[in-house]
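Biologist: Could you take me through one part of this model closely, setting out how it is placed and what lies around it? I would like a single connected account rather than a list.

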Amino acid sequence: MARVLIELPAQFVFSTEVPIYITHINKAQHLDNAALIALLSEARVRFFRSLGYDELDVDGVGIVVADMALQYKSEAFHGETLVFEMTPDDFNKYGCDLVWRASDKATGREVARGKTGILFFDYAARRPAPVPQGFLARTASTPA
């Protein structure tokens with residue numbers, strides 16, 4: 001199987017800090033795979049809230065996580081705080097990728113990077129919806 005390689009953008013439009021709790025740690029004493037996804041989900045919710053949105057209401061439509069790819073760079077441990085940086089990229093008619101990086105706040109050590117495929121979705125009609133123009137405008141002008 002080919003290795004997953006994620007290219008990062010030159011800059012990110014959003015950043016948030018999320019602490020690693022003991023419940024995020026596995027038997028190997030480092031951040032659990034599933035816990036990283038949960039922390040990433042928290043960061044994604046905060047990203048949308050920073051734009052004034054809820055994941056179920058982005059200018060009248062919701063979002064669906066369509067796919068995800070990630071690449072681990074180092075371990076993370078209980079007591080560390082991860083800085084998640086994220087930005088939308090690679091737009092198509094119905095969505096985009098949210099490209100992200102997670103780093104340890106204290107050292108700057110990169111822990112993981114990845115991208116989450118976001119599909120905008122009209123839950124009332126049960127079908128994909130075009131990317132909202134307001135979302136495009138807000139993410140184009142949002143500083144990190």
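Modeller: A residue is called buried here when its relative accessible area is under 20%. With that cut-off, and bearing in mind that this is a predicted model, the part I would look at is helix α1, whose buried residues are Ala35, Leu36, Leu39, Leu40, Ala43, Arg44, Phe47 and Phe48.

The helix has 18 residues and reaches 26 Å from its first C-alpha to its last, which is close to the 26 Å expected at 1.5 Å a residue. At its N-terminal end α1 is capped by Asp32, which places a side-chain oxygen 3.0 Å from the backbone nitrogen of Ala34. After the helix comes Gly52, with a positive phi near 85°.

The buried residues of α1 pack against the strands β1, β2 (62-72), β3, β4 and β5, and also against the helix α2 (133-140). In soluble globular proteins, nonpolar side chains tend to be buried together. In this model the largest nonpolar core holds 33 residues, among which Phe47, Leu82, Phe84 and Phe135 touch the most other members. At least two residues of this core come from each of β1 (14-19), α1 (33-50), β3, β4 and β5, and α1 gives the most, with seven residues.

Phe135 shows how the helix is tied to its surroundings: leaving aside neighbours within four places in sequence, Phe135 is in contact with Phe47 and Phe48, and its other partners are Leu51, Tyr53, Val58, Asp59, Pro88, Phe91, Cys96 and Phe120.

Among the strands that α1 packs against, β4 (residues 95-104) is mostly covered, since nine of its 10 residues are buried. On one side of the pairing, strand β3 (residues 81-89) runs antiparallel to β4 and is joined to it by eight bridges, with Val83 standing opposite Ser103. Strand β5 (residues 110-122) is also antiparallel to β4, and nine bridges join the two; here the bridge partner of Ser103 is Glu110, and Ser103 is thus named in both pairings.

The hairpin of β3 and β4 has five residues between its strands, and Asp90 takes a positive phi near 50° there. The hairpin of β4 and β5 likewise has five residues between the strands, and in that hairpin Gly108 has a positive phi near 80°.

How values were computed:
Residues are numbered from 1 along each chain as its sequence is written. This is a predicted model: local features need pLDDT of at least 70, side-chain atom pairs count only at pLDDT 80 or more; totals for chains, interfaces and linings use all residues. Side-chain values use heavy atoms; hydrogens and water are left out. Buried means under 20% relative accessible area, exposed over 50%, partly exposed in between (1.4 Å probe, protein chains only). Helices (H or I, at least four residues) and strands (E, at least two) are DSSP runs, numbered from the N terminus. Two strands pair if DSSP finds at least two bridges between them. A nonpolar core is a set of buried Ala, Val, Leu, Ile, Met, Phe, Trp, Tyr and Cys residues joined through side-chain atoms within 4.5 Å. Contact means heavy atoms within 4.5 Å. The expected span of a helix is 1.5 Å times one less than its number of residues. A polar contact is a pair of N or O atoms within 3.5 Å; within protein, one must be able to donate a hydrogen and the other to accept it, and residues adjacent in sequence count only if both atoms are side-chain atoms.
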